[in-house]
Amino acid sequence: MLLKNLRIRMDRNINFFSESIIDEVGNTPLIKLKKASEITQCNILGKAEFLNPGQSVKDRAALYIIKDLKLEKNLNSKIIVEGTGGNTGIGLTVIGSAMGYKTIIVMPNDQSKEKIDLLKQLGAKVVLTEKAPFTDPKNYIQLSKKIAEEKNANWSNQFDNLANRRAHLETTSNEIWEQTQGKLDGFICSIGTGGTLAGNFLGLKHKNKNIKVFCADPYGSGMYSYIRKGSSKAAYSSITEGIGQSRITKNIENIEFDGAFKISDQSALNIVYDLIREEGLFLGPSSGINIAGAIKLANHLGPNKTIVTILCDYASRYSNKIFNKEYLDSKGLTYPNWL
Ligand code: PMP
């Protein structure tokens with residue numbers, strides 16, 4: 001099985017070339033997470049979304065959103081405006097550049113400097129705004145809509161644009177099904193827009209309704225209470241970026257997930273640090289939340305199960321936070337001796 005996989009990958013690399021980076025979105029490997037699997041006696045597998053061209057899970061949504069713009073033949077403008085924690089902006093800019101679009105990316109000003117710098121280097125125009133509630137005109141999503149209207153540009157609206165979850169319904173869930181040969185018991189990840197969790201929910205449940213689909217929710221997010229009690233209440237806060245949600249976005253509307261787990265930043269970071277030194281995986285905090293969730297789901301389902309989660313992006317996008325002792329101390333978070 002292993003050798004066969006290797007041969008397919010190598011053949012692909014040797015015999016073919018890609019017309020453009022957009023052909024390299026998706027088809028990411030599924031990597032066994034050794035320690036998580038050992039401690040749960042389950043098979044815990046991570047979908048390596050950091051290997052996408054824009055180095056995050058959001059490339060899939062970005063590609064589907066841009067393809068939809070093309071279908072709609074909205075040729076009024078070659079500008080895309082988006083409100084994002086950064087990764088969707090990076091995806092839209094990378095894929096947009098390959099498809100002839102420019103981007104204006106609106107972000108809350110508490111997001112990592114690494115993502116902001118990268119976006120500028122990639123050619124995006126970055127607009128920073130203060131953190132504000134969804135209904136406030138200063139909110140990054142509201143501001144992105146306003147800028148799009150003023151410039152008569154395309155507003156990609158990832159939170160309520162169903163092309164987002166369709167990307168995962170039509171690509172990620174099919175890949176996971178094939179890569180596990182249909183032997184899958186559970187899927188779990190966190191919710192930012194909800195596109196990844198909802199798209200995989202729809203795709204995987206269609207293949208086998210017994211697959212359990214859960215949400216791993218950081219503190220400060222309302223999804224845990226929404227899924228478990230039906231209302232959306234956020235308490236405390238989290239250092240994670242790109243995840244956590246207190247609004248029922250169109251991407252998650254009317255979906256009944258099987259359950260949710262609340263995950264602390266500390267348990268996510270412990271996993272992130274361990275994976276670097278023990279498994280050679282260099283992942284951002286949302287991946288830590290997802291893996292901590294996968295461990296909880298494994299314990300909930302019992303031994304010998306196969307559970308898939310999402311490895312969203314690289315740790316380097318958050319270096320000034322997760323490898324910064326002063327920052328971690330200020331948040332009351334602990335870190336290993338080697339830091
Ligand atoms: N992890 C990271 C680092 C992200 O940037 C995002 C996207 N906001 C997610 C996870 C969540 O993905 P989704 O928007 O599909 O819920």
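Confidence varies along this predicted model: helix α1 (residues 2–15) has the lowest mean pLDDT among the elements of the protein, at 51, while β7 has the highest, at 99. Taken over the protein, the mean pLDDT is 94, and 94% of the residues reach 70 or more.

Now for the sheet. Four strands form an open sheet in the order β5-β4-β3-β6, and they pair in parallel. At its edges sit β5 (125–129) and β6 (154–155), each pairing on one side only. Five bridges join β5 to strand β4 (residues 102–108), again in the parallel sense. I105 stands opposite V126 in β5. Lying across β3 (79–83) and β4 is helix α4 (residues 87–99), which runs at about 175° to β4.

Next up is helix α8 (residues 195–207). How far apart are its end C-alpha atoms? They are 18 Å apart, and that agrees with expectation, because 13 residues at 1.5 Å a residue should span 18 Å.

Most of α8 is covered, with 10 of its 13 residues buried. Those buried residues are G195, T196, L197, A198, G199, N200, F201, G203, L204 and K205. So what covers them? The cover includes the elements in this table.

| Element covering buried residues of α8 | Residues |
|---|---|
| α7 | 163–179 |
| β7 | 186–189 |
| β8 | 212–218 |
| β10 | 306–311 |

One name here has come up before: β7, part of the cover over α8, is the element with the highest mean pLDDT.

Conventions:
Residues are numbered from 1 along each chain as its sequence is written. This is a predicted model: local features need pLDDT of at least 70, side-chain atom pairs count only at pLDDT 80 or more; totals for chains, interfaces and linings use all residues. Side-chain values use heavy atoms; hydrogens and water are left out. Helices (H or I, at least four residues) and strands (E, at least two) are DSSP runs, numbered from the N terminus. The expected span of a helix is 1.5 Å times one less than its number of residues. Buried means under 20% relative accessible area, exposed over 50%, partly exposed in between (1.4 Å probe, protein chains only). Contact means heavy atoms within 4.5 Å. Two strands pair if DSSP finds at least two bridges between them. Axes are lines fitted to C-alpha atoms, for helices over the stretch in contact, and angles run from 0 to 180 degrees between N-to-C directions. pLDDT is the predictor's confidence in each residue, from 0 to 100.
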